[in-house]
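Trainee: Could you take me slowly through one part of this model, and then show me how its surroundings connect to it? I would like to follow it residue by residue.

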Amino acid sequence: MPWEYSELSVVWANPSMTAEELSRLLPGRTPKAVSRARERYGRWRTEGFTPPCQRCGEHPVWEAAADGRRWGLCKACTIEEREYRERSGPALAARDNAYRQRKFKRRHRR
Ligand SMILES: [Zn+2]
């Protein structure tokens, strides 16, 4: 699972914590995953360093945009993601609903 910008911020804000301690602050992250993230993104946040986009890995995260920052995506990927959500949001919600209804019916069949 790619690291979110908000999670990396927790890592950078606590350089003196062990990976074990940090993993307790970050639901779903093991101490090993924290160590790997530190190797990759650094224990400290270097001034002026912006992490690379989590999708294309080529461009820096679009920090000026709240959603871009949250998704950890560069400007191009953020715009693409917005368009994708706009386009497929309702269709995906309908499929998710249908899935949950099927599951519900299966569980309550007698
Ligand atoms: Zn990108």
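Mentor: Lining the largest pocket of this predicted model are Pro-2, Trp-3, Ala-33, Arg-36, Ala-37, Arg-40, Tyr-41, Pro-52, Cys-53, Gln-54 and Gly-57, and the pocket they line has a volume of about 160 Å³. Sorted by class, this lining has seven nonpolar, two polar and two charged residues, with Arg-36 and Arg-40 as the charged pair, since Arg counts as charged.

Several of these residues lead on to other features, and Trp-3 is a good place to begin, with the charged end of Arg-29 sitting over its ring, 4.4 Å from the ring centre. Trp-3 also belongs to the lining of the largest cavity, together with Glu-4, Tyr-5, Leu-8, Tyr-41, Pro-51, Pro-52, Gln-54, Val-61 and Gly-72, so that Trp-3, Tyr-41, Pro-52 and Gln-54 are found in the linings of both the pocket and the cavity, as the atom cut-off of 4 Å defines them. About 40 Å³ of space lies in that cavity, and the structure holds one cavity of 30 Å³ or more. By class, the cavity lining has seven nonpolar, two polar and one charged residues.

From the cavity, Tyr-5 takes us to the aromatic rings: a search of the whole structure finds one aromatic pair, formed by Tyr-5 and Trp-12, which meet edge-to-face at 6.3 Å centre to centre, with 75° between their planes. Both Tyr-5 and Trp-12 are buried.

Returning to the pocket, Cys-53 ties its lining to the zinc ion, for which Cys-53, Cys-56, Cys-74 and Cys-77 are the protein donors, each through its SG atom, at 2.3 to 2.4 Å. The angles among the four donor atoms run from 104 to 115°, and the site is tetrahedral. Along the sequence the donor residues follow the spacing C-x2-C-x17-C-x2-C, and, of these donors, Cys-74 and Cys-77 are buried.

How values were computed
Residues are numbered from 1 along each chain as its sequence is written. This is a predicted model: local features need pLDDT of at least 70, side-chain atom pairs count only at pLDDT 80 or more; totals for chains, interfaces and linings use all residues. Side-chain values use heavy atoms; hydrogens and water are left out. Donors are N, O and S atoms within 2.8 Å of the metal (3.2 Å for Na, K and Ca); water is not among the atoms, so sites may look incomplete. Four donors count as tetrahedral if all angles lie between 85 and 135 degrees; four count as square planar and six as octahedral if opposite donors are over 155 degrees apart and all others between 65 and 115; anything else is irregular. Buried means under 20% relative accessible area, exposed over 50%, partly exposed in between (1.4 Å probe, protein chains only). Rings of Phe, Tyr and Trp (its six-membered ring) pair if their centres lie within 6.5 Å; planes under 30 degrees apart count as stacked, over 60 as edge-to-face and the rest as tilted. A charge sits over a ring if NZ of Lys or CZ of Arg is within 6 Å of the ring centre and within 35 degrees of the ring normal. On a 1 Å grid over the protein atoms alone, a cavity is a set of points where a 1.4 Å probe fits but cannot get out, and a pocket is an open set with protein on both sides within 12 Å along at least five of seven lines; lining residues have an atom within 4 Å of a point. Grid points are joined across faces, edges and corners, and a volume is the space filled by probe spheres set on the points.
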